[in-house]
Amino acid sequence: IIRKKRIQIMKKSWKDISVGDYYQIQEIIGDQTLNDMDREMSLFALLYDITLEEAYNTPVNVFAQKMGKLTWVWEKPKPEVVADTYSINGVKYKTLLAPDAMTTAQYIDFKNTLPGCEDHLEQMLSIFLVPEGKEYNTGYDIKQVENDILEYFPITSCMGLCAFFLIWSRAWTEVLTDYSTKMLKKAMRKEKDPGKKQLLKEQLMVMSGFRSLMRSPK
């Protein structure tokens, strides 16, 4: 029986790291139950696409040489510039770049996904990356999109998109808040009932406070 030699694929930089790989790397680095050697072995196995057993069975001189090529993993990934389209696992996706092109369903899903988004980046991106020729969450399996993002989408592209959308969201929220404030002021001027006028005034105070919070420096 002739056994084919397994081809080991080395991940050379953060551009080769998928969103799912990134989660695993963060988990390994942050695992306080691992000593330094076990942590290095786990990273070595992940980044060279081998089993942990294979990593421990690697000759020590080979391990040292190969591990020396992985110093980049201790540096922070650099976000890439946002693109109009992306190809993920053979599927072309269009990027939602304009706030006014967002559907109500996308906006609701985005607001629900935003809290703790660093723990589910694939869900966040699946809102803004839509298969070419499709409408959001219509005619395709959005869970498959999330899985493909986890397995095939580079973390550098992911971080670039997420940074863009968070800044974009902040600006868009300010626009919506300003618009709501103007509408409340207009309603107050027209309202004759003192009770309703007071309620509108209270809503305006809340909205003004929220706008100040949004615009305050972090």
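Contact is taken here to mean heavy atoms within 4.5 Å. By this criterion, and leaving out residues up to four places away in sequence, L129 touches Y86, I88, Y93, K94, T95, V145, I149, F153 and L161. The model in which these contacts occur is a predicted one. Its pLDDT averages 81 over the protein, and 75% of the residues score at least 70. Two stretches fall below 50. Residues 1-7 have a pLDDT under 50, and the model shows 4 contacts for them beyond four places in sequence. The pLDDT is likewise below 50 over residues 209-218, a stretch with 13 contacts beyond near neighbours in sequence.

The largest nonpolar core comprises 45 residues, and L129 is among the three that touch the most other members, together with L125 and F153. At least two core residues come from each of α1 (19-30), α2 (36-47), α4 (60-67), α6 (121-128), α7 (142-152) and α8 (155-190), and the strands β1 (85-88) and β3 (129-131) also supply at least two each. The greatest contribution is that of α2, which gives 6 residues.

One of the contacts of L129 is V145, a residue of helix α7. V145 counts as buried because its relative accessibility is 4%, below the limit of 20%. Apart from neighbours within four places in sequence, V145 is in contact with Y93, S126, L129 and Y140. The C-alpha atoms of V145 and S126 are separated by 6.3 Å, although the two residues are 19 positions apart along the chain. Y93 is thus listed both for V145 and for L129.

The strands provide a second view of this region. β1 and β2 (residues 91-95) run antiparallel and are joined by 4 bridges, with T85 standing opposite K94 in β2. These two strands form a hairpin with 2 residues between them, and in the turn N89 adopts a positive phi of about 50°. β2 also pairs with β3, again in the antiparallel sense, over 3 bridges. In this second pairing, Y93 stands opposite P131 of β3.

Aromatic residues form a further set of interactions, with 8 aromatic pairs in the count. The rings of F128 and F165 have centres 3.8 Å apart and planes at 15°; the pair is therefore classed as stacked, since planes under 30 degrees apart meet that description. This pair links distant parts of the chain, as F128 belongs to helix α6 and F165 to helix α8, 37 residues apart. F128 has 0% relative accessibility and so counts as buried. F165 is buried for an equivalent reason, its relative accessibility being 0%.

F165 also pairs with F164. Here the ring centres lie 5.4 Å apart and the planes meet at 70°, so the arrangement is edge-to-face, the class for planes over 60 degrees apart. F164 has 29% relative accessibility and therefore counts as partly exposed. A single aromatic cluster is formed by F110, F128, F164 and F165.

A ring also takes part in an arrangement with a charged group. The charged end of K66 sits over the ring of Y48, at 5.3 Å from the ring centre.

How values were computed:
Residues numbered from 1 in each chain as written. Predicted model: local features only at pLDDT ≥ 70, side-chain atom pairs only at ≥ 80, totals over all residues. Heavy atoms only, no water. pLDDT = per-residue confidence, 0-100. Core = buried A, V, L, I, M, F, W, Y, C linked by side-chain atoms within 4.5 Å. Buried < 20%, exposed > 50% of the residue type's maximum accessible area, 1.4 Å probe, protein only. Phe/Tyr/Trp six-rings, centres within 6.5 Å; stacked < 30°, edge-to-face > 60°. Lys NZ or Arg CZ within 6 Å of the ring centre and 35° of its normal. Pairing = 2+ DSSP bridges.
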